[in-house]
Amino acid sequence: GAGAAPTFQAVGITQAVQADIEAETNQDTYIPPDLMKYHPGIAKCWVHYDTSGGTPTTQVSHNVTSLTDNGTGDATINWSITFSSTNYCVTGTTRNEAATASDYFIGVHAMATTNTRISTTREDGVNTDVVPLVVRF
């Protein structure tokens with residue numbers, strides 16, 4: 001004889017919340033695109049900006065509202081999302097487009113939940129405006 005027809009049970013999938021996404025405890029939930037910014041493996045903010053004219057000018061960015069010029073080679077990056085803490089990682093790259101052979105270093109001065117203050121310094125310790133500068137959070 002013929003066996004019983006299979007039966008299916010509806011499984012309810014719920015949307016993840018920020019705390020579960022950050023803690024990576026959202027195994028039985030889904031993360032919609034607008035909440036992906038909370039996932040630990042995703043860059044929350046990034047900015048590519050130019051300081052060669054003396055004032056930081058955003059070229060392209062994600063979740064960045066503005067740049068504050070604090071002086072030569074010193075800027076605060078303000079973003080449109082608020083981090084849940086100041087325990088995050090800042091990475092940055094730059095290159096020397098001048099004819100000099102100096103290396104540049106990116107230093108982090110202050111990390112807040114709404115912004116980060118960074119500087120670019122030549123190998124001789126002098127702050128300098130550089131182009132381009134790419135920073136990721």
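1. Trp79 counts as buried, at 5% relative accessibility. The value comes from a predicted model, as do the others in this note. The cut-off for buried is under 20% relative accessible area, so Trp79 falls inside it.

2. Trp79 has an aromatic partner in Phe83: the two rings are stacked, 4.9 Å centre to centre, with 25° between the planes. Phe83 is buried as well, with a relative accessible area of 10%. Phe83 also pairs with Tyr88, here edge-to-face, at 4.6 Å centre to centre and 85° between the planes. Tyr88 is buried, as is Phe83. The ring pairs join Trp79, Phe83 and Tyr88 into a cluster. A search of the whole structure gives 3 aromatic pairs, among them Trp79 with Phe83 and Phe83 with Tyr88.

3. On the overall layout, the protein chain has 1 helix and 10 strands. Read from the N terminus, the order of elements is β-α-β-β-β-β-β-β-β-β-β. The helix, α1, covers residues 18–23.

4. The chain has 137 residues, and 31% of them count as buried. Its accessible surface comes to about 8,200 Å², with 51% of that belonging to carbon and sulfur atoms. Among contacts with a separation of 6 or more, 45% are between residues 24 or more positions apart.

5. Which strands make up the open sheet, and in what order? There are 4 strands, in the order β5-β6-β9-β8, and the pairing is antiparallel. The edge strands are β5 (64–71) and β8, each of which pairs on one side only. From one strand to the next, the twist averages 25°. As general background, strands of a sheet pair through backbone hydrogen bonds, either parallel or antiparallel.

6. Within that sheet, β6 (residues 74–79) pairs with β9 (residues 115–122) in the antiparallel sense over 5 bridges. For anyone tracing the register, Ile77 stands opposite Thr116 in β9. Trp79, from the first two points, is the last residue of β6 as its range is given.

7. On the other side of the pairing list, β8 (residues 104–111) and β9 are antiparallel over 7 bridges. β8 and β9 form a hairpin with 3 residues between them. Two bridge partners in β9 can be checked on the display: Ser119 for Gly107, and Arg122 for Tyr104.

8. Two backbone angles deserve a look. Most residues other than glycine have a negative phi. Glu24 has a positive phi of about 55° although it is not a glycine. Glu24 is found in the loop between α1 (18–23) and β2 (29–30). Is Glu24 buried or exposed, or does it count as partly exposed? At 46% relative accessibility, Glu24 counts as partly exposed, because exposed begins over 50% and buried lies under 20%.

9. Asn63 also has a positive phi, near 60°, in a residue other than glycine. Asn63 is found in the loop between β4 (57–62) and β5, and β5 is one of the edge strands of the open sheet. Asn63 counts as buried, at 18% relative accessibility; the limit is under 20%, so Asn63 is within it.

Terms used
Residues numbered from 1 in each chain as written. Predicted model: local features only at pLDDT ≥ 70, side-chain atom pairs only at ≥ 80, totals over all residues. Heavy atoms only, no water. Buried < 20%, exposed > 50% of the residue type's maximum accessible area, 1.4 Å probe, protein only. Contact = heavy atoms within 4.5 Å. Areas by Shrake-Rupley, 256 points an atom, 1.4 Å probe, with all protein chains shown as cover. Phe/Tyr/Trp six-rings, centres within 6.5 Å; stacked < 30°, edge-to-face > 60°. Pairing = 2+ DSSP bridges. Axes fitted to C-alpha atoms, helices over the stretch in contact; angles between N-to-C directions.
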